[in-house]
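Please open the model in the viewer and keep the selection panel at hand. The tour proceeds by selections, each followed by a description of what is found there.

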Amino acid sequence: MDVVEQQDKTKKPFLPQHIFTEAEPTPTTENMPNTPLDNASIKDEAHFADTIAAEQQNQEIPADPRKDKAHEELDHISDQLSNHSDLVQRWNSVLSNASNLSFSKQLQGTLLLTASTDANRQFLGSEDEIMRVMLKLDSIDSLGDDDIRQKRKMLVKKCEHMLEELDQVKKTQWERAVSSSNKQGQSHRRRRNKKKHHRK
């Protein structure tokens, strides 16, 4: 073996100098995001563990916090839809003043209910807030609980009834507006025909 080969074998491998890389920090509870979803997941897991432990020890199964929250939300909505609530009072007022609704004639000749008057704005506002309540009800999960399902179903039916009442009075006023518009159109055509006849 010659001298060159011996020198090659004794050479140390090249190592770059002055290059440092920091390792990624180990995730901890301190630097992890504390989001509502994370908290909810932790609570669900804790409740599941408590339920298993209670079943194994033949103890009473603890209440599911998610179901408690669903009941609270439904109770709140039930209060919103009670006869003396502001929402229902506004709804009753709108029904009482439905004769004041006015429809705007569009270019196509159709009549639309727009937010052009106080009565119209109150009517549309009542429709909107009832729809918002229905959307809130749709977002509540029954979680397999029959009581939650029945309570939600009852409240949805009440909202649907209130919207149907609004639709009915709107339809009645719309039909009157269409009839009045047609009569005005016929009267205008008769006057125009009379003018043509006199010119002849």
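**First selection: a loop residue**

Select Leu-143, which counts as partly exposed because its relative accessibility is 26%, a value between the 20% and 50% cut-offs. The model under inspection is a predicted one. Leu-143 belongs to the loop that joins α5 (118-138) to α6 (146-199). Display its backbone torsions: phi of Leu-143 is near 55 degrees, a positive value in a residue that is not glycine.

**Second selection: helix α4**

Now select residues 86-96, which form helix α4. Which residues of this helix are buried? They are Leu-87, Val-88, Trp-91 and Val-94. Orient the view down the axis of α4: the buried residues fall within an arc of 120 degrees, and therefore they line one face of the helix. Turn next to the other side of α4, where Asp-86 and Ser-96 are exposed.

**Third selection: the cavity**

Rolling a probe the size of a water molecule over the atoms reveals where empty space remains. How many cavities of 30 Å³ or more are counted? The count is one, and the largest cavity holds about 30 Å³ of space.

To display its lining, select Val-94, Asn-97, Ala-98, Leu-101, Ala-119, Gln-122 and Phe-123. Val-94 thus appears again, having been listed among the buried residues of α4. Helix α5 supplies the largest share of the lining, three residues. Colour the lining by residue class: five residues are nonpolar, two are polar and none is charged.

Methods:
Residues numbered from 1 in each chain as written. Predicted model: local features only at pLDDT ≥ 70, side-chain atom pairs only at ≥ 80, totals over all residues. Heavy atoms only, no water. Helix = DSSP H or I, 4+ residues; strand = E, 2+ residues; numbered from the N terminus. Buried < 20%, exposed > 50% of the residue type's maximum accessible area, 1.4 Å probe, protein only. 1 Å grid on protein atoms, 1.4 Å probe; cavity = no way out; pocket = protein on both sides within 12 Å on 5 of 7 lines; lining within 4 Å. Points joined across faces, edges and corners; volume = space filled by probe spheres on them. Nonpolar A, V, L, I, M, F, W, Y, C, P; charged D, E, K, R; others polar. Arc of directions from axis to C-beta.
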